[in-house]
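Student: I am new to this structure and would like a close look at a single part of it. Please choose one place where two elements meet, and then work outwards from there.

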Amino acid sequence: MAYFRDQMWSILFASLLTVLLMWVVYIIMGMVDKLVITPLRIKRIMNRQGVTGPSAYWVLGNILEMVKIGRAEAKKDMKTGDYDIMPHVQPYEAQNCQAYGKMHMWWSGWQATIRIANLDLIKQVLAKDVFTMPQIQFQFASVLMGKGLITTEGEEWALHRQIVNPAFHQEKLKAMVPIMEKCASSMANEWEEKVKDGGGCVELEVSHYMANVTADIIAHTAFGSSYEKGRKVFEHQLSLFKLTLQGLQYFIIPGYRILPTPLNIKILMTQIHISRSLKEIIQTRKYMVNMTKNASYGNDLLGLMLTATSQKTQDVKGGKVHFGMQQLMDNCKTFFFAGYETTATLLTWTMMLLASHTTWQECARAEVIDVCGDGDHPFNANMLDKLKMVLRIFCQSI
Ligand code: HEM
């Protein structure tokens, strides 16, 4: 009897060991395929088509080199009147374009990335919907925004888009114009005061004001009545952005994100703080609607998303993908990251261009005074359609 029991244990142990070994071999084979075989195969295929690029470190790719060159360039000032911004803003990319052509390959970690700087080819790629975000950018975006519109694809993206779309209808955006005007006027008044105090002349850091007014407008349009709390969430999102940038170069190390490094812990704590605050804002809004038996969640982006979510509950629950509290929070985070840096930079750059091209500045001012009056009429959304010259200036600037 004891002999049979020993035999059984031996068989069981041997089977477990075999399964474990097979699993380890499977994992190793997967990693060899991902880190060695596939990169080599892609490199061979692309080289055969004449697409080459800088030599890269195994697994690390070109990330470290890119970060180093970018940091060195960021310390330099741009020459006044020099609008060839590529060598300054994306020095590594500009350098590679010169050396390897307008279509070249570089390695984002072990992931091959084709960089295209040819307008016709860019249009073809965008039209074919074959674009996917490189792994490292995806990881970066996910830390900041979770799984919102920018970080989802396919069916999941389609559902997010359906929920978010009503918030971006033209008439809804037009309804937000008065609050935008209020934020912009308050900044302009502050500038006027400063100029007066400075005896007619004052030096201002325009980018700082543009960043502030953009964050203010997004907080108002996204969170409406919950503006104060929304603005605080944005401040934490900005800290998260800075922390995540500090760690970006380590993202290529597999498993780095789950290591308990001081930076990762700080990132995690900030993420928890943001999620808690957003959850509180959303739950308070839902509670108020239930308590007051009010049918409307409000006309801000959050309210419009909540309305769309409640109307779609049936489909959302029935489908394979889900849109609940987490997805609502992730899209609130997305609005900030998608709208903040982009808008603030566009405004700053446009101001810089107008400051150095005074004839265009005068044309723009004349048009604004002609359409809107000299501050004597209340501003309304229909005036925006008539600002043709201002629109052209923004298009040129972008
Ligand atoms: C000058 C200002 C802006 C520029 C240049 C800009 C540019 C872009 C670009 C190029 C994309 C496509 C990204 C991709 O497909 O990977 C995008 C997507 C997006 N942007 Fe903007 N954006 C601006 C302002 C805003 C603002 C103010 C918001 C909202 C508050 C916003 C929300 C979004 C969202 C939600 C997406 C994802 C859309 C989707 O995947 O369906 N953007 N933006």
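Tutor: Let us begin with a pair of helices: Val206, Ser207, Met210, Ala211, Thr214, Ala215, Ile218 and Ala222 in α10 meet Cys332, Phe335, Phe336, Gly339, Tyr340, Thr343, Ala344, Leu347, Thr348 and Met351 in α15. Two residues are in contact here if their C-beta atoms, placed from the backbone, lie within 7 Å, and helices (H or I, at least four residues) and strands (E, at least two) are DSSP runs, numbered from the N terminus. The residues of this contact comprise 13 nonpolar, five polar and no charged, where Ala, Val, Leu, Ile, Met, Phe, Trp, Tyr, Cys and Pro count as nonpolar, Asp, Glu, Lys and Arg as charged, and the others, Gly among them, as polar.

This is a predicted model, in which local features need pLDDT of at least 70 and side-chain atom pairs count only at pLDDT 80 or more, while totals for chains, interfaces and linings use all residues. Residues are numbered from 1 along each chain as its sequence is written.

As for the geometry, α10 covers residues 206-223 and α15 covers residues 325-356, and the two pack at an angle of about 145° with their axes 8 Å apart. Such axes are lines fitted to C-alpha atoms, for helices over the stretch in contact, and angles run from 0 to 180 degrees between N-to-C directions. The crossing of α10 and α15 is right-handed, a term used when the near helix is turned clockwise from the far one by less than a right angle.

The ligand brings us back to these helices, since the residues around the ligand include Ile218, Phe335, Gly339 and Thr343, together with Leu149, Ile150, Arg161, Thr334, Ala338, Thr342 and Leu346. A residue is near a molecule if its C-beta atom, placed from the backbone, lies within 6 Å of it. Helix α15 gives the largest share of this shell, seven residues, and the shell as a whole divides into six nonpolar, four polar and one charged.

Further along the chain, helix α16 (residues 358-372) has 15 residues and reaches 21 Å from its first C-alpha to its last, close to the 21 Å expected, the expected span being 1.5 Å times one less than the number of residues. Just after α16, glycine 373 takes a positive phi of about 85°.

For the wider setting, the protein has 18 helices and two strands, and its C-alpha atoms fill a box of roughly 100 × 65 × 40 Å along the principal axes.
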